[in-house]
Amino acid sequence: MVVDKNASGLQMKVDGKWLYLSEELVKKHPGGAVIEQYRNADATHIFHAFHEGSSQAYKQLDLLKNHAVHDDKLEKELEKRPDKVDVNVSAYDISVSQEKKMVESFEKLRQKLHDDGLMKANETYFLFKSISTLSIMFIAFYLQYLGWYITSACVLALAWQQFGWLTHEFCHQQPTKNRPLNDTISLFFGNFLQGFSRDWWKDKHNTHHAATNVIDHDGDIDLAPLFAFIPGDLCKYKASFEKALLQIIPYQHLYFTAMLPMLRFSWTGQSIQWVFKENQMEYKVYQKNAFWEQATIVGHWAWVFYQLFLLPSWPIRVAYFIISQMGGGFLIAHVVTFNHNSVDKYPANSRILNNFAALQILTTRNMTPSPFIDWLWGGLNYQIEHHLFPTMPRCNLNSCMKYVKTWCQENNLPYLVDDYFDGYAMI
């Protein structure tokens with residue numbers, strides 16, 4: 001197969017072979033735009049991490065391998081990509097020969113975890129988690145019925161946080177090997193019960209997994225105009241309003257924590273914008289899902305406002321809304337900001353994208369585990385393990401930690417784990 005380098009579409013390397021995907025095939029990608037992150041890069045381990053258990057994905061991969069090409073120019077380009085150090089921006093300095101050994105070693109680790117059963121789905125565990133999380137939400141409703149309004153709002157905030165973790169796991173295809181079932185449940189838990197669009201979240205979060213803390217790729221580190229994590233962020237302030245905000249950026253360390261409760265307002269707002277644009281999006285999967293995405297988001301706000309309507313007075317309605325929404329925002333935000341914002345970022349064209357394991361380990365910090373933190377954080381205190389193996393069930397992450405620590409020692413990589421306030425202070 002001769003590939004026209006000027007044609008639309010993209011090339012990526014998987015299992016040592018350069019694959020060409022036509023523009024039509026790219027737009028049909030079930031995962032949406034995340035596939036663009038590995039244009040002209042080695043996508044071997046990100047492919048296996050995302051598509052664990054998907055026979056359809058591996059069938060498509062085999063078809064593409066039948067027409068694989070060899071491209072010396074792209075191979076040489078992979079080995080270049082020098083990093084430029086800046087404030088909060090690190091340089092990836094692992095040599096190409098070390099990188100190749102590390103990649104081979106990581107593949108052995110992945111196979112070892114498969115052999116030891118850590119990648120197997122655990123439907124019973126997730127059935128229990130689903131029932132227990134639904135119970136938290138029903139307790140919130142019952143407390144409202146009893147007239148314990150403020151307590152009810154606090155419990156509802158906790159329910160929304162816990163549904164965030166549960167939806168996250170269904171979107172990552174952890175609970176079962178039945179992907180359509182996982183997607184349907186995540187639509188109910190995410191859109192209808194929580195108010196976060198499943199498709200919006202997948203687009204945002206899968207990109208974050210594919211290029212964690214990589215500048216101009218990972219939207220989770222682009223929080224302009226309120227925050228600037230790297231000097232390059234300051235160049236984004238172009239509108240008059242944004243330029244005015246530059247005056248407060250030097251004080252962002254003072255108001256960062258105060259903004260954490262606003263996360264739920266931001267994510268629900270982005271979800272609403274997303275679902276009502278899905279019909280016009282270029283990726284087929286979003287067009288296909290648009291109706292149910294929209295219907296379930298509308299359904300969410302219908303029951304939220306009906307619940308507020310049942311409260312006895314406007315002051316109580318306002319208080320209930322603020323406590324539940326901002327409480328839910330804080331409970332999620334204090335977790336998601338700890339894991340990655342406290343670790344260095346990497347340049348947009350860094351060669352670290354060719355070393356999936358190093359990328360995840362060097363850009364992620366774990367929180368010291370305990371039974372309570374494991375529950376409250378939804379297993380995301382094992383963020384390193386989760387990023388390396390996103391389809392691994394939450395209940396296996398603690399066991400996986402021992403394997404990963406040993407692997408890091410063998411490959412001279414740091415394993416970052418801290419108590420909460422120690423890690424948070426590094427943001």
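Q: What makes β1 and strand β2 (residues 17–21) a pair, and in which sense do they run, parallel or antiparallel?
A: In this predicted model, β1 and β2 are joined over five bridges in the antiparallel sense, and since strands pair when at least two bridges are found between them, β1 and β2 therefore count as paired. Within this pairing, L10 stands opposite L21 in β2, and the two strands form a hairpin with two residues between them.

Q: Why is the contact between K177 and E52 called a salt bridge?
A: The nitrogen-to-oxygen distance between these two side chains is 3.7 Å, and the cut-off is within 4 Å for a Lys or Arg nitrogen and an Asp or Glu carboxyl oxygen, so the contact between K177 and E52 qualifies. The two residues are 125 residues apart, with K177 in the loop between α7 and α8 and E52 in the loop between α2 and α3.

Q: Why is E52 called buried or exposed?
A: E52 has a relative accessibility of 13%, and buried means under 20%, so E52 counts as buried. K177, at 37%, counts as partly exposed, because that class lies between 20% and 50%.

Q: How do you know that E107 forms a salt bridge with R110?
A: The closest N and O atoms of E107 and R110 are 2.7 Å apart, which is within 4 Å, so this pair meets the rule as well. Both residues lie in helix α5, three residues apart, about one turn of the helix.

Technical notes. Residues are numbered from 1 along each chain as its sequence is written. This is a predicted model: local features need pLDDT of at least 70, side-chain atom pairs count only at pLDDT 80 or more; totals for chains, interfaces and linings use all residues. Side-chain values use heavy atoms; hydrogens and water are left out. Helices (H or I, at least four residues) and strands (E, at least two) are DSSP runs, numbered from the N terminus. Buried means under 20% relative accessible area, exposed over 50%, partly exposed in between (1.4 Å probe, protein chains only).
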